[in-house]
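Please read the following points beside the coordinates; they take up one loop residue, one helix, the core and a strand pairing in turn.

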Amino acid sequence: MRILKINALKIAAVFLTFYSLESTAQQQENPISQDPKFEQLLNEKRKLNSNIDINDRYKIQIYYGENSNARKTLAEFKKEYQDLDGTIIFESPTYKVWVGSFKSRIEAERQLVKVKEKYPYALLIKPSK
């Protein structure tokens, strides 16, 4: 019985040795072909993302509440102020409508005075990073 255990161990050791040599065959490099337009698209996306300074600019918040009312408020705002861009931001559990993108606080405050005529609860914000 003891001889069988030793032989079984020897066979297992030889098998594992050959198996481990075969497992190193996964070192081969496979070439990946990719459409050149994909690289061009990625470069364009990188350019766009580098130009976005969302967190470095002042915004005007004109609404804070439910999604349906936020969409209505944004649609009304875009009709009246075509020169300012607006977006809806979700912060659980409410939606915010932010408009404009101003480099300086003075510029933002000037626009805030105009916007407050129609949206009296509008306020000036600077999103945190």
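1. A residue is called exposed here when its relative accessible area is over 50%, and buried when that value is under 20%. The model is a predicted one, and the remarks below should be read with that in mind. Lys 103 lies in the loop between β3 and α4, and, because its relative accessibility is 63%, Lys 103 counts as exposed.

2. Exposure does not leave Lys 103 without partners: setting aside residues up to four places away in sequence, Lys 103 touches Arg 57 and Tyr 58. Of these two partners, Tyr 58 is 45 residues from Lys 103 in sequence, while the C-alpha atoms of the pair are 6.4 Å apart in space.

3. For helix α3, which covers residues 67-80, the length can be checked against the expected rise: at 1.5 Å a residue, its 14 residues should span 20 Å, and the end C-alpha atoms are 20 Å apart, which agrees. The buried residues of this helix are Ala 70, Thr 73, Leu 74 and Phe 77. Viewed down the axis of α3, these buried residues fall within an arc of 100°, and they therefore line one face of the helix.

4. What does the buried side of α3 pack against? The buried residues of α3 pack against β1, β2, β3 and α4, whereas Arg 71, Lys 72 and Lys 79, on the other side of the helix, are exposed.

5. The largest nonpolar core holds 18 residues, and those touching the most other members are Ile 60, Ile 62, Phe 77, Val 97, Val 115, Tyr 119 and Ala 122. At least two residues of this core are supplied by each of β1 (58-65), α3, β3 and α4 (105-118), and β1 gives the largest share, with 4 residues. Phe 77 thus appears both in this list of core residues and among the buried residues of α3.

6. Tyr 119, one of the core residues just named, deserves a separate look at its contacts. Leaving out residues up to four places away in sequence, Tyr 119 touches Ile 62, Thr 73, Glu 76, Phe 77 and Tyr 81; of these partners, Thr 73 and Phe 77 are buried residues of α3.

7. Finally, strands β2 (residues 86-91) and β3 (residues 94-102) run antiparallel and are joined by 6 bridges. A hairpin of 2 residues connects β2 to β3, and within the pairing Phe 90 stands opposite Tyr 95 in β3.

Terms used. Residues numbered from 1 in each chain as written. Predicted model: local features only at pLDDT ≥ 70, side-chain atom pairs only at ≥ 80, totals over all residues. Heavy atoms only, no water. Pairing = 2+ DSSP bridges. Core = buried A, V, L, I, M, F, W, Y, C linked by side-chain atoms within 4.5 Å. Buried < 20%, exposed > 50% of the residue type's maximum accessible area, 1.4 Å probe, protein only. Contact = heavy atoms within 4.5 Å. Expected span 1.5 Å × (residues − 1). Arc of directions from axis to C-beta.
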